[in-house]
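User: Could you walk me through this model slowly, since I am new to reading structures?

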Amino acid sequence: MILTILGGGGFRVPLVYQAILKDTSDERVTELRLYDIDESRLQTIYRVLTELNETADYHPRIVATTDLVEAIAGADFIFSAIRVGGTQGRALDEVISLKHGVIGQETVGAGGISYALRGIPEVVAIALQVKKHAPNAWVINFTNPAGIMSEVMQRYIPGRIVGICDSPVGLARRILTALQRAQLLPQDLPTNVPGNKRVHVEYAGLNHLGWITKLLVDGQDVIPVLLQRPDLIESFEEGRLFGANLVQSLGSVPNEYLHYYYYPRENLQTDQKSDHTRGRYLEEQQNRFYTQAESTETGVFNLWERTRLEREQTYMATNREATGNFERDTQDLESGGYDKIALAIMHAIANDVPAELILNVANQGVIKELDDSAVVEIPCRVDGRGIHLPETAHLPDHARGLVVNAKYVERETILAALDHSRADAILALAHHPLVDSFNVATQLLDDLVDHFEALQPLGKHDV
């Protein structure tokens with residue numbers, strides 16, 4: 001089986017490779033192709049993977065290339081994990097947004113709109129090449145904003161594109177662990193969610209904008225048990241972020257990224273006071289890693305692992321600071337799990353082993369508030385015949401307006417990128433819940449156009 005990773009020089013690629021090395025199924029990866037436009041970073045990650053091979057009983061053939069067609073031709077699965085503008089672009093999105101008094105986070109903030117506007121043309125070009133050179137491949141999208149990018153790609157390769165995120169399963173795992181520690185669940189219950197037949201998660205929303213409404217263990221919903229215990233709510237990461245009062249009021253447990261919507265003032269103030277935004281931190285950290293790796297003859301994997309651990313320790317640090325500055329649990333410093341979800345999809349399809357996974361897929365009437373083509377984040381069943389949607393997924397009453405508005409913003413962003421429409425770009429920014437003024441939206445777009453060549457077709461306001 002041939003797997004291609006687009007963005008093969010990206011920092012998180014070794015996480016996927018570690019999962020590949022653990023796979024012992026009949027249909028496993030025999031050839032891994034890494035594609036990237038940055039030759040230097042590509043070779044660094046290639047070296048990390050080859051060091052991992054030294055301790056593996058089995059490993060696939062690895063090909064590193066800067067030729068897209070060579071990378072995708074005849075592939076069975078394609079992971080799309082590109083970052084147009086790199087970490088420097090992310091850092092710039094955040095700084096420019098904060099200059100205008102707006103949160104610039106790369107998916108739920110205004111920075112996510114800028115990131116999508118730059119990335120959509122590149123994703124379209126990739127989708128057209130996949131359609132031509134790998135028409136039977138499944139594309140698994142990691143590229144952020146994952147919901148937008150998956151929705152764009154489905155226009156060109158419908159039925160063979162799925163987006164993934166590890167936040168929902170991480171949230172479910174932390175809830176299960178909290179209840180297990182309190183002796184409210186059997187101690188032999190596995191807390192891993194993908195592949196756990198005893199656990200069923202009811203989750204609905206969009207990427208980085210969803211809620212666990214039910215969590216069934218052996219057929220019984222444990223969310224009501226959790227809601228009765230403020231101490232348990234605030235014993236795991238999301239519960240500490242949001243606070244027991246909010247979670248109990250909602251009657252459901254929100255995805256961690258909703259913290260930006262429930263506490264926008266606190267997050268904005270923290271970001272404005274911070275010496276480093278998340279993007280700037282990652283830019284400096286990754287530049288340091290790739291630079292040090294070039295002068296490291298051996299032990300490049302150990303260098304990568306130290307850098308990864310540091311990255312996980314600082315994940316959502318400003319949100320935690322806005323809430324009270326708590327430290328992450330040790331168990332959450334292991335990778336979030338998106339690599340495991342991706343491999344679970346491949347395993348389910350290639351080996352026809354059914355699995356229940358929370359995925360970003362076309363709605364097809366599942367969430368009644370959205371149209372059929374809207375990409376939503378919902379639990380799906382995956383097997384050798386493909387991806388099967390549930391009949392329905394219910395949004396909580398409090399979530400409906402936010403989800404419908406967020407989808408409108410996503411759609412206007414897509415139109416702006418595909419049509420080079422300044423009007424749609426401004427509508428997307430002006431209707432974003434974290435942008436509080438049409439004038440700010442206009443000025444912010446002008447500033448982004450000044451700094452990103454890829455956005456210049458959107459033009460500027462005539463003064």
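Analyst: We will go through cavities, a pocket, a helix and one loop residue. This is a predicted model, in which local features need pLDDT of at least 70 and side-chain atom pairs count only at pLDDT 80 or more, while totals for chains, interfaces and linings use all residues. Residues are numbered from 1 along each chain as its sequence is written, and side-chain values use heavy atoms, with hydrogens and water left out.

User: OK, how many cavities of 30 Å³ or more are there?

Analyst: The count comes to 2 cavities of 30 Å³ or more. On a 1 Å grid over the protein atoms alone, a cavity is a set of points where a 1.4 Å probe fits but cannot get out, a pocket is an open set with protein on both sides within 12 Å along at least five of seven lines, and lining residues have an atom within 4 Å of a point. Grid points are joined across faces, edges and corners, and a volume is the space filled by probe spheres set on the points.

User: What lines the largest cavity?

Analyst: The largest cavity, with a volume of about 220 Å³, is lined by 20 residues, and Thr107, Val108, Tyr261, Ala406 and Glu410 lie nearest its centre. Helix H18 (400-419) is one of the elements that give two or more residues to this lining, and H18 gives the most, with 4 residues. Helices (H or I, at least four residues) and strands (E, at least two) are DSSP runs, numbered from the N terminus.

User: And the second largest pocket, which residues are closest to its centre?

Analyst: That pocket has a volume of about 1,300 Å³, and of its 45 lining residues the closest to the centre are Asn192, Pro194, Lys340, Ile341 and Ala344. H17 gives the most to the lining of this pocket, with 7 residues.

User: Switching to H15, where do its buried residues sit?

Analyst: The buried residues (under 20% relative accessible area, with exposed over 50% and partly exposed in between, using a 1.4 Å probe and protein chains only) include Val300, Phe301, Trp304 and Arg311. Seen down the axis of H15, the buried residues fall within an arc of 165 degrees (taken from the directions from the helix axis to the C-beta atoms), so they line one face of the helix.

User: Last one: is Tyr257 buried or exposed?

Analyst: Tyr257, found in the loop between strand E10 (253-254) and helix H12 (259-262), is buried, with a relative accessible area of 9%. The C-alpha atoms of Tyr257 and Thr107 are separated by 8.9 Å, although these residues are 150 residues apart along the chain.
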